[in-house]
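Here is a short set of exercises to work through with the model open beside you. Try each task before you read its solution.

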Amino acid sequence: MKRIALAIGLATFLAGPAFAGDPVTVDWSSVPTKNIKLFWPGQSTYQWLRSPAHKRANLQTKEGQACVACHKGEEEEMGNKLVSGDHALEPMPVDGKNGLINLKFQVAYDKEDAYFRFQWKTLNDYAGTAHPYWRYNGKEWKAFGHPKLDAVVQDGEQPGIYEDRMSMMIDDGSVPMYANQGCWLTCHDGERDSPDRPETSAVKANQLFAHLKKKDVRKYLPSTRTDENASWDKGKTPEEIAKIKAAGGFLDLMQWRGHRSNPVGMSDDFYVLEYRNSDAGKNPFSKNWDKAKKAPKYMFDAKKFGRKSVLFEDIRKMPTTLIRETNAVAFDPNAGWKEGDLIPEYVVSREDSKGSAKDNDRSKGVWKDGVWTVVWARKLGLTNPDDKALKVGGVYSFGFATHDDNITTRGHHVSFPMTIGFGAKADIEATMLK
Amino acid sequence: MDIFDLLFKYRKAVNVALGVVAVLIVSWVIAYEPVTRNFVAQDALCNYCHLASEYNSDERLSATRPHLSVVDDKTSQATCVDCHLPEGWWNTTYAYTHFLSFTDLFGHMRDRDAERAGDWIPPRAAEAYRVRDAMFENDSNTCRSCHVEAEIRFKRERGVNAHKLALKEEKTCIECHNNLVHRPVDVREDAFKKASPSDGKEPKS
């Protein structure tokens with residue numbers, strides 16, 4: 001199985017031609033490696049951190065004190081404690097989950113691009129390239145496979161299936177407190193898998209969310225809320241939020257995805273403001289579902305893929321990403337479907353991605369011997385209004401996270417924030433390539 | 001025969017009596033503090049007036065673990081007087097003046113000025129605010145009567161980091177260590193603000 005996964009990875013890795021600014025061609029042996037500890041955060045939301053439950057630190061946190069002022073060097077201890085469920089911050093412990101992931105990180109740049117390289121050991125002995133599917137039950141197509149924080153997985157009703165991910169969150173100093181408190185500014189009560197999650201009807205009825213046409217709560221910044229506690233339902237007006245964005249008061253959030261972006265050599269491009277918004281244009285993945293017909297939009301092209309669907313036994317042993325321009329055809333409801341047939345919930349396309357959302361179109365990941373190696377290039381000096389432009393001479397606050405072992409939302413391992421300088425003094429100084 | 005003749009006639013008995021009185025006084029002086037601290041001012045006596053659910057060491061609502069009075073002895077529990085009765089002979093008197101409500105009587109009266117200003121807060125919270133303000137002013141000397149900074153043995157890295165930062169920023173115990181024992185009272189927003197040289201001065205135009 002390892003050899004198959006390796007072959008998958010290598011095939012993906014070598015699929016695209018080498019081009020200028022290709023992160024694969026960077027001589028990474030000349031770039032210093034920084035070891036970053038990523039730990040399980042549980043439900044340590046913005047609100048919890050400012051509550052008396054965050055003993056002896058809630059007031060300091062409100063004042064903007066850095067997490068590392070107290071927790072420096074505690075990543076492993078905290079991660080192991082929280083992931084075990086022996087703490088109020090983890091009401092849904094995942095069996096066998098590790099509390100810490102050691103991330104090897106390298107960063108370099110030249111005149112045109114910034115280059116990142118990530119390496120981390122996965123918990124499982126397979127690459128996290130599978131993602132939830134539509135499963136034919138003999139009558140209709142139903143969602144199959146869920147992230148491991150979902151009750152249906154913990155109850156054993158559904159298998160845990162979700163792609164691996166590597167995420168970067170970036171600020172240029174415009175978001176208050178981000179340099180000290182990092183991603184914790186964006187995780188709030190009410191979000192998915194967090195405390196006090198509201199009913200869908202309540203979200204839809206909220207003025208801000210009605211404007212956004214969203215039905216759940218995702219990452220947002222406190223500056224977009226009207227109350228001191230930054231409650232999910234106390235959103236500012238779209239006009240006020242637009243002003244914050246125009247002033248640069250948002251975070252870049254980019255994710256490399258094992259199923260939904262890696263097969264086409266990309267990472268997505270989002271930003272966090274009043275919600276976790278996609279950059280303008282189109283990211284490489286979209287839902288493979290026709291609401292009217294209650295069926296997938298695409299299925300595998302048997303001529304190119306060898307079959308029109310996959311089975312549960314196939315996943316993680318072979319590529320199962322549905323790529324619009326490579327292995328997909330329009331769904332045929334009369335193709336002789338049998339119970340157990342699986343079609344991916346998402347369709348992926350490099351060709352269809354566009355605009356600012358397509359900025360991360362040079363990312364590649366290879367899984368070998370239990371370790372993901374992801375390389376990623378990002379253009380310097382981007383001018384899109386939804387990007388944090390990286391520039392030579394600039395110092396930026398970064399937060400890193402990885403979703404490992406079939407999980408999503410808060411089920412990630414995260415880093416404390418740190419600064420990266422491109423030709424400037426910082427916690428990590430990028431290597432200039434010649 | 002006047003009184004002096006009588007005293008002279010029974011001088012041996014008088015000397016014995018004076019000796020006994022002297023011994024009693026000295027004994028009382030010596031025993032005053034330890035007896036008061038260990039036998040008179042017991043938690044049970046305090047709880048005669050103060051609600052056990054708010055104050056009793058066995059029922060401290062906010063305590064997640066005992067406030068040990070002896071390091072490494074998990075059965076030990078600090079008593080009321082460990083924190084509320086300063087050490088010293090004269091300070092022991094406060095126990096008795098407190099019993100007579102001489103010290104706290106006025107402190108428990110309603111804050112009429114605040115009420116009139118529409119800023120009434122519950123007496124329990126007001127009391128907590130007063131105590132915290134006092135501890136902030138006096139560098140948490142209640143804590144320091146037992147805890148010596150240089151001798152604190154940290155169990156976790158966060159303790160080392162936090163205390164290092166607190167020393168650097170000249171913070172005092174109560175700024176972080178609050179709501180440890182009694183019924184929890186939220187720390188008010190404007191607590192623990194150090195005075196600035198510019199406080200009270202008109203801004204320059």
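**Exercise 1. Locate A:Asp369 between its flanking strands, then state its burial class and the sign of its phi.**

Solution. Start with the place: A:Asp369 sits in the loop that links β16 (363-368) to β17 (371-379) of chain A. Helices (H or I, at least four residues) and strands (E, at least two) are DSSP runs, numbered from the N terminus. Next, count neighbours: 9 other C-beta atoms lie within 10 Å, so A:Asp369 is exposed. The classes are buried for 20 or more other C-beta atoms within 10 Å of a residue's own, exposed for 12 or fewer, and partly exposed in between, with C-beta atoms placed from the backbone. Finally, the backbone: phi is positive, about 50°, although A:Asp369 is not a glycine.

A word on conventions: this is a predicted model, in which local features need pLDDT of at least 70 and side-chain atom pairs count only at pLDDT 80 or more, while totals for chains, interfaces and linings use all residues. Residues are numbered from 1 along each chain as its sequence is written, and chains are lettered from A and ligands numbered from 1 in the order in which they are written.

**Exercise 2. Work out which side of α5 (residues 75-83) of chain A is buried, and what covers it.**

Solution. First list the buried residues of α5(A): A:Glu75, A:Met78, A:Gly79, A:Leu82 and A:Val83. They span an arc of only 115° around the axis, which places them on the same side of α5(A); the arc is that of the directions from the helix axis to the C-beta atoms. A helix rule helps here: with 3.6 residues a turn in an α-helix, residues three or four places apart point the same way. Then look at the cover, which includes β1 (34-39), α4 and β2 (100-109) of chain A. After α5(A) comes A:Gly85, with a positive phi near 90°.

**Exercise 3. Give the strand order of the open sheet that contains β15 of chain A, and find its edges.**

Solution. The order of the three strands is β10-β15-β12 (chain A), with mixed pairing. Two strands pair if DSSP finds at least two bridges between them. β10 (285-287) and β12 (322-323) of chain A are the edges: each has a single partner strand, so one side of each lacks a neighbour in the sheet. Now take one pair: β12(A) runs parallel to β15 (residues 346-348) of chain A over two bridges. Within the sheet, A:Leu322 is opposite A:Val347 of β15(A).

**Exercise 4. Describe the make-up of chain B, then check the span of α10(B).**

Solution. Chain B has 10 helices and zero strands. Of its 205 residues, 7% are buried. For α10(B), 12 residues reach 17 Å from first C-alpha to last, close to the 16 Å expected at 1.5 Å a residue; the expected span is 1.5 Å times one less than the number of residues. Just after α10(B), B:Glu170 has a positive phi of about 55°.

**Exercise 5. How many residues does each chain bring to the contact between A and B?**

Solution. Chain A gives nine residues and chain B gives 11, where contact requires C-beta atoms, placed from the backbone, within 7 Å. On the chain A side, helix α4 (residues 68-71) supplies the largest share, three residues.

Key. Contact = placed C-beta atoms within 7 Å.
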